[in-house]
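Let us walk through this structure step by step, beginning with a term that will be needed along the way.

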Amino acid sequence: MTPTTKSSPTIQSPTTPASHPASTASTASIPSLSSEKMIVFEEVSKFYGEILGVNRVNLQIAPGITSLVGPNGSGKTTLMNLMTGLLKPTQGRIQVLGTSPDEPEAMFQKLGYCSQFDSFPRGATAREFIEFYLRVHGYTKYETAELTHQALERVSMLEAADRKVSAFSKGMRQRVRLAQSIAHNPSVLVLDEPLNGLDPMARAEIIRLFRQLADAGMYLVISSHILHEVDMMSDSVVLLHNGYVVAEGEVHGVRDEIEEHPIQILIRCDRPQILAARLFEHEFTVEARIHNDRQGLFVKTRRPDDFYLLLNKVITEQNLQIESVAPVDDDLNAVYQYLITSEGGQTR
Amino acid sequence: MAVYEHLYGAYEGESQSALSRFLVIPRYALRETFKSKLLTTIFILCFIYPLVATILVYLHHNANALALLQINVRELLPIDASFFLTFVQMQCAFGFILTVLVAPPLISRDMSNNALPLYLCRPLSRAEYVLGKMSVVVFLLSLVTWIPGLLIFFFQASLAGFAWLWANLWMIQAIFSGCMVWIILLSLLALAVSSLVKWRVVASGALLGLFFVPTAFGEIINELFLTRSGHLISLWATMKSIWSGLFGLFVRQTGQIRGRVTTPIYDNELVDIALLEPPLWVSWLVIALICAVCVWLLARKVRAYEVIK
Amino acid sequence: MSSTTEITEQSAATNVNQPIVNRARASSWSLWTRQTLAVMSLEIKKNFLSRRALLLYLMAGLPLVLLSALALFPPPTDELGSFSEMSQVYAAIYGGLILRTLIFFGCAWVFMNLFRGEVVDRSLHYYFLAPVRREVLVVGKYLSGLIATIVLFSITTVGSMFIYYFWLFPSESARFFFDGAGASQMLAYLGVTILACIGYGAVFLLIGLFFRNPIIPALMLYGWEWINFLLPPFLKKISVIHYLTSLVPVPMSEGPFAVLVEPTPAWISVPSLLLFTGVVLFLASRHIRRMEISYAGD
Amino acid sequence: MTNVIELEQLSVTFGKRPILKSLNGALGGRAIGLLGPNGAGKTSLIHTLLGFHPPTSGTARIFGQDITTDAKQVRATVGYMPESDSFIAKMSCVHFVRLMAELSGIPAKHALERAHEALFFVGLGEARYRPVDSYSLGMKQLAKLAQAIVHGPKLIILDEPTNGLDPPTRSRMISLIRQIRDGGRARILLSSHLLRDVEECCDEILVLKDGRIAANCNLEEERKANRKFIELETRGERQGFVEAVGNLGCEYALSGERRMKLIMNETIEIGDLYRLAHEHAVQIRRLNFKRDSLEDIFLKAMENGNITEGANSSINNEKAVENGNGRANDGGL
């Protein structure tokens, strides 16, 4: 049962099967790239004994920020561990920029992975921790110190660099691990919930850092649960559920393809009944519901362009006092709702 | 039709008394311990020796039963201080086995999943938590040691008459305090080990190790250096001297060797040298020291948060 | 294995800021050695300074402490034999106490924890994520464990020999060591200690990798090595202890029931031990390549 | 509105490092959000209120009871949901919650009822009979919440309740917290880093910054819409529309090819904007007044914490990041 038939075929954004790698629809600005410059998953599946990790995943990840989103246990961490060689796929092939994950020496020159394991060598300070593993790369003492300093500076942890990591709070430990994964200036960065436990200021800083790295041509694969942050920072999104790739591509692209859920808009104004009456005169208004505080109107429509123009006309003719107009489900939260929560149904 | 709103509601009922709240931890822990069949069987096995002792006492005072079994009363073991001394030693040994099974999960199960903050954010102080856990061990061990001991003592007193009772009255205090010292030492030691280690099996192993390894080491030292001071680090030897002290049967010299010694009097002559046991007060000191260390460890480890300097 | 020079420009090209690091690599061999040295220096710090090393110091120091205590507080008996039996008694001490128990369990503790310790500390993935061949990792860790055990147990061997001899018969021992057979005996003992660390180290590295809970296999191995003196000659060959005992300068008397077999000469037992170690390292690195990271609950 | 928590020069030092520096204030909100950067002392404040370690100087009162002198009474009326995983292994959830209820002073005969009531409320159905260590992360959080509310406390302290949860479980946790707050029987102290969650649950916030109170304000008052700023998102050819708005006399700034910000003066109505949009056939996809989000309040608190940090330049970029839906690098106002 191939995943694509589970939901309407167009959900899977037009990534043709990997037999002839073609450019994804992620962002038009990236020219079509050969597999040399992509992270490619071909029919990859992974089973822990009989427990399903991921099943027949086909993905091509282009430079920029790609976010993995999905409920706990949907295979996000499995995909990341497969991509970084910590796990071997049961079948299928993975290529990261032309090298395969089971040649560690070649691949990890250009790949950094900040995992979720919150563990540090006993008694090490932040600087020692990063220098500890940089030495293994084969850098000289001077290079190690220089790279460590830069990495700590990027996550603004310089002043706490020489304190013991075991005394750090969760957020500070997270920054140190992030610094460790970007210390050797990789071109591919895989991050498992990097913002977990960070305070709002740090979250904004780190998101700006990701944006900076992505604009410099780096590949960032980030898994996160905070959907509005994912909306804000990612170029393309991969939705995972129970080990299957449910949808993949740019958020708005994916949203437009969910035909069975028409666009919903909330218009807060003073006389919603009149607005509703006038809007129903046209056939593309599918449904309208008065907000329970009688100051707003929820409207569903299949053809948003015609609807908005009609809205302008009605408002000017009826001279309604508009408080605000906002699409209710044009973000990842809604897509998640339609594709995963309603379909999957959480078992308690 | 009435639709009932089951919303979250505050609790208006009366709250427990402080004592019944203190007994919550032991109650739950005891219910948890007696779930394991192994422990219940061992608990029952511990009562075999008291049964034998009771029969012995009964035979002492029953002429026709003796005649029936053709045993002369003099051949029977006399019921005196050494009888009760061996009784206390036997029961305390059984008590140790019981503790090795009961004590480790008491704290280590809470430590392994960081449940301490849940306990200590309730109207319960750290001391009450430790005392609650300790009361489980004290209760079980008392059932196995001094309670049957005193019962047998009064059974003997009732048969032997008032004169015997008046003469051996001091023995009640000896039996009770002998057992209590062992119970307190064991419970503190077991809980301290249980709070240091997260896994129950390792905690049991550590407790066994703490008991047998120093004893073995003490024996090696005694053999190698031909002294008796090795007994200081062996828990069992120290307790034996304390118990015999309590029952007035303490003997200092427990061995003699011929050796060459150069002292002001003898210059390198072959002479008999007495091997002396460490004095009683030293044994008591060792036990007190161990208890103090355990209390200090418990105070440091039983805490709602990790303090990292 | 594409040479590393090609990769460096490629990664330098997409380097984020100016390429401060010009990692000119002479050849992969020089990189491997540098990486092995790096892993070794990191691991040695762990093996010598961490809390885990405490047990190793304890084991290595035990005979020294015991013998010096005996020297300082001599028991008041007088049946101390003559000087001639000294080497016999020391052989018993070395063979029984030092070789068969302390070195065995010391190597077990250090080498089993080389990888298992990282799994328990959940830090193995940092090594797997570094651009270093898995073989380099295995060799680096093995050598660091070797250095730790060899250094400590050599001190034990030499120290215990000196204390034992000089405590009772200082004058004869001095003569015995400086012009007698003493010096060559001590070197032979040292050689056996080093070979023991190499042999046992390799075995326990393998056990630590292949078994999730290696304590039982280690104890089974101890049993097998212990009953070695009862085994027929053919079975004796399949054990480390046989080659070691055949190299010991003064043969320890293994009790009345021992099946005596002529010791295999040095020029066979030494290379066979080293060959055995090489095979084990190869097996270990092949297993490491396929090893997956799954820090299941404890 | 009786005060939930009163702080009187409360200060705490660990060894030499001062953690809380003489906090003063009274918190009366139904749900209080506790915010602050990493290492600002949030968890230490919670631990001090719970009496896990005594304050170095000064004190605090919860519902009028002093946390140092009558610590036991305070802890009887407080429920605490710790941040990290904490439960008792190999014990079914019902048994676990029942034990916690009895420890909080509920008699044995009522404890089982209360336990089931709490578990029913948090929505742990059949799973309540399974041991807690077989639970997923989300269900463990719900079990922790159940043990915090089982004894009907008057104040519930939640430390990062929604951290690491996936979206459906997170919205479930938030709706539970709102139900407790609206139930009116218990006050909530919520410490979290996720500003959206705090915004949805809390009506008062306390912002800490390295041991001092950086801000303590009622959320409703702060977030009244200020009428002057309007943000628009349009679709379709907008050049004509933009000029028309310009010559209406209100300043505007374009950000990206779709978004626009306007400053309205008294003469212009939103109706005029729609009239122009209708004439130039431009779709107004999104229109709202600029409201200070919690993030702005938080940033202002951080900024006046230490002016030298020069966070002004990043403020605009901050807002762009927060509100814009597309790429974040378009220019600010």
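Two residues are said to be in contact if their C-beta atoms, placed from the backbone, lie within 7 Å. With that in mind, and remembering that this is a predicted model, look at helix α10 of chain A and helix α10 of chain D: A:Asn312, A:Lys313, A:Ile315 and A:Thr316 in α10(A) meet D:Gly271, D:Tyr274, D:Arg275, D:Ala277 and D:His278 in α10(D). Sorted by class, the residues of this contact are 3 nonpolar, 4 polar and 2 charged.

How are two such helices described? Two packed helices are described by the angle between their axes and the distance between the axes. For α10(A), which spans residues 304–318, and α10(D), the angle is about 130° and the axes are 8 Å apart. Angles that are neither under 35 degrees, nor over 145, nor from 65 to 115 count as oblique, and α10(A) and α10(D) are therefore oblique to each other. Their crossing is left-handed.

Within chain A, α10(A) also has a partner in helix α9 (residues 272–280), whose axis comes within 10 Å of that of α10(A) and crosses it at roughly 135°. That angle makes α9(A) oblique to α10(A), and here the crossing is right-handed. On the side of α9(A), the residues taking part are A:Ile274, A:Leu275, A:Arg278 and A:Leu279, and they meet A:Leu310, A:Val314 and A:Gln318 in α10(A). This contact is made up of 5 nonpolar, 1 polar and 1 charged residues.

We can now step back to the whole contact between the two chains, to which chain D gives 44 residues and chain A gives 41 residues. Several elements of chain D each supply at least two residues of its side, among them α5 (137–149), α6 (167–183) and α10 (270–279), while the largest share, 7 residues, comes from β14(D). The side of chain D that touches chain A divides into 20 nonpolar, 16 polar and 8 charged residues.

Chain D also holds an open sheet of 4 strands, in the order β2-β1-β4-β5 and with antiparallel pairing. Strands β2 (17–27) and β5 (65–66) stand at the edges with a single partner strand each, so one side of each is left without a neighbour in the sheet. The partner of β5(D) is β4 (residues 57–62), and these two strands pair in the antiparallel sense over 2 bridges; D:Gln65 in β5(D) is the bridge partner of D:Ile62.

Finally, the domain assignment divides chain D into domain 1 (5–218) and domain 2 (229–289), whose C-alpha centres lie 46 Å apart.

Conventions: Residues are numbered from 1 along each chain as its sequence is written. Chains are lettered from A and ligands numbered from 1 in the order in which they are written. This is a predicted model: local features need pLDDT of at least 70, side-chain atom pairs count only at pLDDT 80 or more; totals for chains, interfaces and linings use all residues. Ala, Val, Leu, Ile, Met, Phe, Trp, Tyr, Cys and Pro count as nonpolar, Asp, Glu, Lys and Arg as charged, and the others, Gly among them, as polar. Two strands pair if DSSP finds at least two bridges between them. Axes are lines fitted to C-alpha atoms, for helices over the stretch in contact, and angles run from 0 to 180 degrees between N-to-C directions. A crossing is left-handed if the near helix is turned anticlockwise from the far one by less than a right angle, and right-handed if clockwise. Domain bounds come from an automatic or database domain assignment.
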